[in-house]
Amino acid sequence: MRLIRTTGRSSKQAGALLAQIERRGGTSLDTVLPAVRKILGEVRQRGDAALIRLAVKFDSLERSQSLRISLEETAKAWRDLDPSLQRALETAAANIRAFAERQLPKSWQSSPLKGLTTGQLVRPLDSVGCYVPGGRHPLPSTMLMTVIPAQVAGVHRIVVASPRPAAETLATAHLLGITEFYRIGGSHAIAALAYGTESIPRVAKIVGPGNLYVTAAKREVAFDCAIDMLAGPTEIVITSDLGNPASIAADLIAQAEHDPEALAIFITTKESLAREVIAETKQRSRQNPVARQALANNGYVFLAATSEEAQAITNRLAPEHLTVDSEADLAWVRNAGSVFIGQHSPQPMGDYISGPNHTLPTGSMASVRGGLSVNDFVKLITVQQYTAQGLARLGPHAIRLADAEGLIGHAEAIRTRIGRK
């Protein structure tokens, strides 16, 4: 990790680096777009034939295998799973479900004045596709985080796609009662979910993280099929003057091991702490090649002049994961995907078991949205109803506004109803 001072001779370098980090995002997607567009077009035009060919090529699918995973296969995976892992998955699922239930918006109605009733209906999406990566590591936690909020929302059809699903992922599908699960990944899986094939009906929305090809494909299909967000490499920011160097380093390494392009940043006003954290990350990442590479590529320690400057830098970066010293720090946090408070809140607890979702905004998107939640799986339908009395009271004001806009038909549609019983 590199130490960057925000004052003195390094201030210009720090400013340029912060501006560069702020602009991080989807530019790297452009490098894979030609290949992704070709795959999307092929699946859209040729359906299952193209999908199977690509799954054989990229997902190690055997020609004799079915794209769809049977309930018997997921049930066997659950039976064969170590009991301690079964209990861990059940505990995580219960916490995630309870959190999503608290988040679920409610239908309501109100009468702001006599003769007018307004309100909203909360209705689930008809179908969703949950993408569960199957690359470097099996990620049953991502299935928990994408499927459970959809279930809480009441989505009728929940489809899971995952390339080369590990036994743990198969077992999690059984735990959650998933009945439609396909062993496909990459941009061809996104194409199948977005456009549909002979064997996979299209879905209304696609959620879940993935590699560069998956993310680029989601961006390309976004006008044909709703998506949650474009998730880039993992990000971590720790802003602390009080933290333990070993704990800070451990969290930086934990997120850095996701991807060689992960972003890992420590912000402090204490130079001694900054140098201790740098030393700890160097020592602790020796046996972790992915984390070591990420820290070398995108690992920074910003030494700020004041606490206020450290806070401002943090909000500028709008990190996916943020750790702060105390609950009082929440008062200044404006932009972050998920916040972890204090010495006893390691970020991996949020990845697995706390309850809040671990599918979080990256690439500065935390400045405009939060992480995946039950709200991503519902739509709000507004409702309004007038009585004759209510229309007589508010109608003339609406007519005046319609006249001001020159919309004669609007005014007439209101005027013809006023005074009717």
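## Contacts and overall architecture

In this predicted model, residues 24 or more positions apart account for 72% of the contacts with a separation of 6 or more. The protein comprises 16 helices and 14 strands. Along the principal axes, its C-alpha atoms fill a box of roughly 80 × 65 × 45 Å.

Of the 421 residues, 49% are buried. The protein exposes about 20500 Å², and carbon and sulfur atoms supply 52% of that area. There are 46 positive and 39 negative charges, and the mean positions of the two sets are 6 Å apart.

## Arg24 and its surroundings

Arg24 is placed in the loop between α1 (11-22) and α2 (33-46). Its relative accessibility is 17%, under the 20% limit, and Arg24 therefore counts as buried. A polar atom of the Arg24 side chain lies 2.7 Å from the backbone oxygen of Leu317. This distance is within the 3.5 Å cut-off for a polar contact.

Neighbours within four places in sequence aside, Arg24 is in contact with Glu235, Leu263, Leu317, Ala318, Pro319, Gly363 and Ser364. Leu317 thus appears both in this contact list and as the residue whose backbone oxygen lies 2.7 Å from the Arg24 side chain.

## Ser364, a contact of Arg24

Ser364, one of the residues in contact with Arg24, is found in the loop between α14 (347-352) and β14 (378-386). Ser364 is buried because its relative accessible area, 14%, is under 20%. The phi angle of Ser364 is near 70°, a positive value in a residue other than glycine.

## Leu67

Leu67 occupies a place in the loop between α3 (48-58) and α4 (71-80). With a relative accessibility of 8%, Leu67 falls under the 20% limit and so counts as buried.

Not counting residues up to four places away in sequence, Leu67 touches Leu51, Ile52, Ala55, Leu61, Phe181, Tyr182, Arg183, Ile184 and Ser199. Arg123 is 56 residues from Leu67 along the chain, and the C-alpha atoms of these two residues are separated by 31 Å.

## Arg164

Arg164 lies in the loop between β5 (157-161) and α7 (167-176). Although Arg164 is not a glycine, it has a positive phi of about 45°. The relative accessible area of Arg164 is 40%, between the limits of 20% and 50%, and the residue is therefore partly exposed.

Conventions
Residues numbered from 1 in each chain as written. Heavy atoms only, no water. Helix = DSSP H or I, 4+ residues; strand = E, 2+ residues; numbered from the N terminus. Buried < 20%, exposed > 50% of the residue type's maximum accessible area, 1.4 Å probe, protein only. Polar contact = N/O pair within 3.5 Å; in protein donor to acceptor, adjacent residues only side chain to side chain. Contact = heavy atoms within 4.5 Å. Areas by Shrake-Rupley, 256 points an atom, 1.4 Å probe, with all protein chains shown as cover. Lys, Arg positive; Asp, Glu negative; His and termini not counted. Charge placed at Lys NZ, Arg CZ, Asp CG, Glu CD.
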